[in-house]
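Below is a short note for a colleague who is about to work with this model. The points go from the sheet to the hairpins, a helix and the ligand.

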Amino acid sequence: SVISVNLKETTNSSTSQRIPGAIIIGVRKGGTRALLEMLNLHPDVEVAKAEVHYFNIDENFHKGLDWYRAQMPLTLDGQVTVEKTPGYFTASMAPARMWSMNPAVKLLLIVRDPAERLVSDYTQVLHNRIQQNKSYQPLEELLLRRGHINLNYKALQRSLYHQHLARWLAFFPRKQFHIVDGEALIRDPFPELQKAEKFLELPPRIMPDNFYFNTTKGFYCLLSAGHDKCLDESKGRPHAPLSNEAFQKLCRFLRLPNQIFFRMTGQTFDWC
Ligand code: A3P
């Protein structure tokens, strides 16, 4: 937030690092970076730039709350600290640990068609493996075993949103979650940001002209105080190929899990 950075320069003595008031818990490849950067347009929001991985990785969790707080940006009284770690959503210990830290923390979950999410997840892993000179398998080999959906495939498990959300709802009430429609955020970020501002009880400060559609990137980019910012090239890259037949099989498989997720959240999404 450019305005608050300026404030910080002048009133440095009243800033401190605080635990987050709101956390983007996932989903991986749902648009978590876009949501974080867009919330950061708000002058009353400060974000942890890097993913923190505190509640999901034992080694970090055992460093304790002071370590966690030290990962946070400086804030003034009244500003909200936000961090995002997509791995929280699917981490078995994360809900209990987060609840113990602050049972009133606001939870932001950005979801996306879980079939598209799976392909995006595979694409990310593929890019990482290629970069590290590691071998890789085609998506179809991982997704299907003897023609059936392979339930052991991790990227499939991460797309079973209802199973993960159920663990979170055992600790936090539904009203403490705000679910952002990842596809809607891609199509038109501003309305989604307005809803998120309301949920965070922030005054409306994010404006339509904070966003412009960048035809080269094929996505919305951010404008703030004369600065222009697009997400990096790992966001919005072409997906690895998957046959239409396999994709349709995946869609059919996800129909029931998706229905359960809709019932749990009281929200429906236009998924395959
Ligand atoms: P794809 O790369 O599959 O298109 P995350 O930050 O959670 O990893 O999510 C990445 C996804 O954010 C991208 O997935 C992309 O579709 C989505 N996204 C949403 N808004 C975006 C934006 N304005 N610019 C780039 N990517 C955006």
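Which residue of strand 5 is the bridge partner of Ile23? The partner is Glu83, and the points below place this pair in its sheet.

1. Basis. The model is predicted; local features require pLDDT of at least 70 and side-chain atom pairs pLDDT 80 or more, whereas totals for chains, interfaces and linings use all residues. Residue numbers start from 1 along each chain as its sequence is written. Helices (H or I, at least four residues) and strands (E, at least two) are DSSP runs, numbered from the N terminus.

2. Parallel sheet. Five strands form an open sheet in the order 3-5-2-6-9, and the pairing is parallel. Two strands count as paired if DSSP finds at least two bridges between them. Strand 3 (45-47) and strand 9 (177-181) are at the edges with a single partner strand each, so one side of each has no neighbour in the sheet. On average, neighbouring strands are turned by 25 degrees against each other, direction ignored. For such angles, axes are lines fitted to C-alpha atoms, for helices over the stretch in contact, and values run from 0 to 180 degrees between N-to-C directions.

3. Strand 2. Strand 2 (residues 22-26) runs parallel to strand 5 (residues 80-84) and is joined to it by 3 bridges. Strand 2 is also joined to strand 6 by 4 bridges, again in parallel. In that second pairing, Ile24 stands opposite Leu108.

4. Strand 6. In strand 6 (106-111), 6 of the 6 residues are buried, so the strand is largely enclosed by the rest of the structure. Buried means that 20 or more other C-beta atoms, placed from the backbone, lie within 10 Å of the residue's own. Lys106, Leu108 and Ile110 point one way, while Leu107, Leu109 and Val111 point the other way. Strand 6 pairs with strand 9 in the parallel sense over 5 bridges, and the bridge partner of Leu108 in strand 9 is His178. Helix 11 (residues 189-199) lies across strand 6 and strand 9, at about 175 degrees to strand 9.

5. Hairpins. Strand 10 (residues 211-214) and strand 11 are antiparallel, with 4 bridges; Phe211 is opposite Leu222. This hairpin has 4 residues between the strands, and Gly218 takes a positive phi near 80 degrees. Strand 11 also pairs with strand 12 (residues 227-229), antiparallel over 3 bridges, and here Leu222 stands opposite Lys229. The second hairpin has 2 residues between the strands, with Ala225 at a positive phi near 45 degrees.

6. Helix 5. Its buried residues are Ala94, Pro95 and Met98. They cover an arc of only 95 degrees around the axis (taken from the directions from the helix axis to the C-beta atoms), which puts them on the same side of helix 5. These residues pack against helix 9 (161-169), where contact means C-beta atoms, placed from the backbone, within 7 Å.

7. Ligand shell. The ligand is surrounded by 17 residues, the closest being Thr32, Arg33, Ala34, Ser120 and Phe219. A residue counts as near if its C-beta atom, placed from the backbone, lies within 6 Å. Helix 2 (32-39), helix 10 (182-187) and strand 11 (219-224) each give two or more residues, and helix 2 has the largest share, 3 residues. By class the shell holds 7 nonpolar, 5 polar and 5 charged residues; Ala, Val, Leu, Ile, Met, Phe, Trp, Tyr, Cys and Pro count as nonpolar, Asp, Glu, Lys and Arg as charged, and the others, Gly among them, as polar.

Note on methods
Buried ≥ 20, exposed ≤ 12 C-beta atoms within 10 Å, placed from the backbone. Contact = placed C-beta atoms within 7 Å.
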